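User: Please take a close look at a single part of this model. I would like one connected account of it, with a word on how far to trust the coordinates.

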Amino acid sequence: MAKELIIVESPAKVKTIKKFLGNAYAVEASVGHVRDLPTSSLGVDEKKNFAPQYQIIQGKQKVVTRLREAAAKAKRIYLAPDPDREGEAIAWHVAELLKDGDRPIHRIFFNEITAKAVREALKNPREIDEKLFLSQQARRILDRLVGYKVSPLLWKKVKRGISAGRVQSVALKLVVEREKERQAFVPEEYWVFKALLAAAEPPVFEAELWKVAGKKPVIGDAETASALRAEILDSPFAVAAMVEKERAKSPPPPYITSTLQQAANQRLGFSAKRTMGAAQRLYEGVELGERGTVALITYMRTDSVRIADEARQAAREFIVDTLGPEFYPDKPRFFKTKASAQDAHEAIRPVDPAVTPDDVRASLPREQYALYKLIWERFLASQMAEARFWDTTAEIKAGRALFRAKGQRLIFPGYLKVYGMEAGDEAKTLPPLAKGQSLTLAELKTDQKFTQPPPRYTEASLVRELEEKGIGRPSTYAAIISTLIDREYARLEEKHFVPSELGTTVSDLLSDHFATIMDVGFTAGMEAALDEVAEGQRDWVALLTDFTGGFYPALEKAAEDMAAVKAGKETGLVCEKCGKPMVIKFGRMGEFLACSGYPDCKNTSNFVRTPDGGIELVARQVDEPVVVGKCPECGKDLVLKKSRTGSRFVACTGYPACKHAEPFRTGVACPREGCGGELVEKSSKRGKIFYSCDQYPQCDYAVWDWPVAEPCPKCGSKILVKKRTQAKGEHLACPEKSCRYTRSLDGNDPEDTE
């Protein structure tokens, strides 16, 4: 008997959905997109209304064959990719591949992967939203036109292999402009006065200078500060005014994509990419022991703070039953979604608030547990009563100076019972004070300070800036940030983005020659225009025609006028060896200073940018080669070297006459049963080190961390790996995903990360 077929995006969802639908349905996965524009050509016919030339993605032919075979046996097909613009595009392309038959094809979607939500979706199928698909198609073609036409220009003028992106380049511009603001910043001196005061009863408290002669104090040098200090020390301190009042603080709304990424970055140190990866797994379903595969959160790509009525009711029941009725507000909480939001999906919330973080802690990897806890606490808090504080503000007069001290006492925790205290919520107690009361000065602190430049962006603040300026969409923030790092346009220093010389050069060139597409307002306007296409208010071909009307002429002009920096970017520095100008070059291993007289002069140096944007030379360290043996072919020394992607290898010092080379061996035997290989050091194209069997491709065993020839006492794995994390420092761990054995390297007892 023919079954009905459900096609989802992810294989992880297949398992979750099969669990509660049983054998009544066949469930298959497209494993993301199955068709796209070709990688080897533009794939867009610009003369025929930008007609796209789609093809099956390389490596997806087996997936498509499997879907076609499953569709041939089905009596009805339900397409259930993610409920967003990309998901609609996946559904459209799968439908195109499967439409050669008489089976009806429907589109379904659900905000959470539960039995109720999936069955409800199956009862209410709809047609594919062509307007939403056309919006995605327009975005894809826009990005392809910019990437495929501007990137080759950058290869010619700057460095081969780099890229430009319609949205990524604007994000890069924000990072670069912030750095230029910092370089141009001129610090100004100011002085801060704090008085440590004692009343008739403890505690001693601190008051900060607020006004001088009724105005905000302007103390810009040591002389002014010294004169004011002497004046204050000669004056008695007395309470000039007291203000006491109760203050209520409302909870924040549940998370949307951007606020989740920001909070995970600030509270957990997660990158946007890591956050979305963990959230995806929580959404698709995780193994919870006896409960089986369970989806824990709703869809994680959303810009709406709306929640379903049944979720609000479930939160109310949990709050009242576990915390008490006083922790639930008099009226249910509703939050207003901003006008520019698409509001297609609910906010990010737990599927079932009754499933607490403690309930799932033993079953989840640490990062998934931490993220679920963050989401669960924020959602519960959003539905709880206000926190109430008793605020006290004292104004204290000392001659012409007026100091101010603030005290705060928590009366009722409300939502803070679940969410925890935020910065500024901690108790600050003042002693009993009354107007006119004299106070004793214990100490007058005067500190010289300087104004600070605007801070560099963190991942959290960059996501917030992108959202506020309307650049990109929730589903794109993580990819935008990853691209800046992967392309080496910026690096993270102490969790802050610092543009590289390459990133600054690319941003400046694009800003000079493509002012429109680099304009923040234009990019935000394009997002709004794409939304209009999705709503049927704008024609996608007309949108592309309008865009290319300005883009094509700018492209032609840039090809002629853009300055080439491939030979080197001028610095104003002179080579100390030959007197010719030193220039910045962009090599395979990064940027460096080189003499423009190359090859006659081969002087090079590393460099760093000073805070004001200048260049400071850094001497290149030349490490002595480490001799590790004798060459078996010619007898000369074998030395340790490093590949351009970062992995170590052993090579003969007789090169190029002798080309003997071999991988760097760990001395650890491959743990795969029946394999006689050894683990050697290698690196990915992006420079990430890993350790794999030297018998590849016959054996594909690999681990990311340094292997140790010691069996796991918990699961019997033949090796352990050496890891380093912020929480545990350096420790040994089992490489098997199903085993969570770890042991600190100081000889302590094994830890159980569960």
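Analyst: Start with the weak spot. This is a predicted model, and over residues 747-754 its pLDDT stays under 50. For that stretch the model has 17 contacts beyond four places in sequence. The chain as a whole averages a pLDDT of 90. A score of at least 70 is reached by 96% of the residues.

Now the part itself: an open sheet. Four strands make it up, in the order β2-β1-β7-β8. The pairing is parallel. At the edges stand β2 (25-29) and β8 (105-107). Each has a single partner strand, so one side of each is left without a neighbour in the sheet. On average, neighbouring strands are turned by 25° against each other, direction ignored.

Look next at β1 and β7. Strand β1 covers residues 4-8 and strand β7 residues 76-79. Four bridges join them in the parallel sense. Within this pair, Ile-6 stands opposite Tyr-78 in β7. Helix α3 (residues 85-98) packs on the sheet. The helix touches β1, β7 and β8. Its direction makes about 180° with that of β8.

One more item concerns enclosed space. The count comes to one cavity of 30 Å³ or more. About 50 Å³ of space lies in the largest cavity. Its lining includes Val-146, Val-150, Arg-166, Leu-510 and Phe-514. By class, the lining residues divide into seven nonpolar, two polar and one charged.

How values were computed
Residues numbered from 1 in each chain as written. Predicted model: local features only at pLDDT ≥ 70, side-chain atom pairs only at ≥ 80, totals over all residues. Heavy atoms only, no water. pLDDT = per-residue confidence, 0-100. Contact = heavy atoms within 4.5 Å. Pairing = 2+ DSSP bridges. Helix = DSSP H or I, 4+ residues; strand = E, 2+ residues; numbered from the N terminus. Axes fitted to C-alpha atoms, helices over the stretch in contact; angles between N-to-C directions. 1 Å grid on protein atoms, 1.4 Å probe; cavity = no way out; pocket = protein on both sides within 12 Å on 5 of 7 lines; lining within 4 Å. Points joined across faces, edges and corners; volume = space filled by probe spheres on them. Nonpolar A, V, L, I, M, F, W, Y, C, P; charged D, E, K, R; others polar.
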